[in-house]
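Reader: I have a model open on my screen and would like to learn how to read it. Could you walk me through a few of its features?

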Amino acid sequence: MNTMNKLLILGINPSSVAFRRNHSLHRLGEWMTFLGYDTYCFSNVIPYEGKYSHKDVDTNFVRKSIQGHDTIIALGGFVSGVLKRMNVDHITMPHPSPLNRNLNDKKYERAMLEDMRNYIP
């Protein structure tokens, strides 16, 4: 268990789907447990549900969210692109959505998690 590193995970926006077993946050929780984190912070770059675009990102909110965190993890390419444009150092993980077809391959998922151990303190 890692308690020294202040970790923030950033997603895109809240889901309109009720939490359930295969929900993105369920999978993310399993990943973080595998990586040795039972405590971490989570936020989104867009605060509301529904369709979104880059113009919906509140960069002031994102900057405030990342303050005080040692490691920032972007879930997926959209969030990583936001952080790149903001010049924020971060690590990118695949989005844990059940719609992410790469995650249907358990070998891919396991290899990705093993690789993440090299990047997350």
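Author: We will go through a strand, two helices and some charged side chains in turn. Keep in mind that this is a predicted model.

Reader: Let me begin with strand β3. How many of its residues are buried?

Author: Five of the five residues in β3, which spans residues 71-75, are buried, and the strand is mostly covered. Buried here means under 20% relative accessible area.

Reader: Which way do the side chains of β3 point?

Author: The general idea comes first. In a regular strand the side chains alternate between the two faces of the sheet. In this structure, Thr71, Ile73 and Leu75 point one way from β3, while Ile72 and Ala74 point the other way. Both sets are buried.

Reader: Which strands does β3 pair with, and in what sense?

Author: One partner is β1, residues 7-11, which pairs with β3 in the parallel sense over four bridges. Within that pairing, Leu8 has Ile72 as its bridge partner. Another partner is β4, residues 91-93, also in the parallel sense, over three bridges. There, Leu75 stands opposite Met93.

Reader: What unit do β3, α3 and β4 make?

Author: They make a right-handed β-α-β unit, with α3 covering residues 77-85. To check the hand yourself, turn the model until the strands point away from you and follow the path from the first strand over the helix to the second: clockwise is right-handed.

Reader: Now the helices. Which residues of α2 are buried, and which are exposed?

Author: A good way to read a helix is to look down its axis and mark each residue by its exposure. In α2, residues 59-66, the buried ones are Val62, Ser65 and Ile66. They sit on the same side of α2 because they cover an arc of only 90° around the axis. On the other side, Asn60 and Lys64 are exposed, which for this label takes over 50% relative accessible area.

Reader: What covers the buried residues of α2?

Author: The cover includes β1, β2 (residues 41-44), β3 and α3.

Reader: What should I look for at the two ends of α2?

Author: At the start, look at a side-chain oxygen of Asp58, which reaches to within 3.2 Å of the backbone nitrogen of Asn60. Just after the helix, look at the backbone of Gly68, which takes a positive phi of about 85°.

Reader: Let me try the same reading on α1. Which of its residues are buried?

Author: In α1, residues 24-34, the buried residues are Ser24, Arg27, Leu28, Trp31 and Met32. Seen down the axis, they fall within an arc of 135°, so they line one face of the helix. These residues pack against β1, β2, β3, β4 and α4, the last being residues 106-116. After α1 comes Gly36, with a positive phi near 95°.

Reader: An arginine in that list catches my eye. Why does Arg27 count as buried?

Author: The reason is its relative accessible area of 15%, so Arg27 falls under the 20% cut-off. Leaving out residues up to four places away in sequence, Arg27 touches Pro96, Ser97, Pro98, Leu103, Lys106 and Glu109.

Reader: Which of those contacts is a salt bridge partner of Arg27?

Author: Glu109 is one: the two side chains meet in a salt bridge at 3.5 Å, N to O. This pair links distant parts of the chain, with Arg27 in α1 and Glu109 in α4, 82 residues apart. Glu109 is buried too, with a relative accessible area of 9%.

Reader: How many salt bridges are there, and where can I find others?

Author: The count comes to five. Among them is the one between Lys55 and Asp56, at 3.7 Å, N to O. Its partners differ in exposure: Lys55 counts as exposed at 70% relative accessibility, whereas Asp56 is buried at 18%. Another joins Arg117 and Glu114 at 3.4 Å, N to O. Here Arg117 counts as partly exposed at 42%, and Glu114 counts as partly exposed at 31%.

Reader: Which residues do shared salt bridges join into one network?

Author: Arg27, Lys106 and Glu109 are joined into one network by salt bridges that share partners. You can begin tracing it on your screen from Arg27 in α1.

Methods:
Residues are numbered from 1 along each chain as its sequence is written. This is a predicted model: local features need pLDDT of at least 70, side-chain atom pairs count only at pLDDT 80 or more; totals for chains, interfaces and linings use all residues. Side-chain values use heavy atoms; hydrogens and water are left out. Buried means under 20% relative accessible area, exposed over 50%, partly exposed in between (1.4 Å probe, protein chains only). Two strands pair if DSSP finds at least two bridges between them. Contact means heavy atoms within 4.5 Å. The arc is that of the directions from the helix axis to the C-beta atoms. A polar contact is a pair of N or O atoms within 3.5 Å; within protein, one must be able to donate a hydrogen and the other to accept it, and residues adjacent in sequence count only if both atoms are side-chain atoms. A salt bridge is a side-chain nitrogen of Lys or Arg within 4 Å of a carboxyl oxygen of Asp or Glu.
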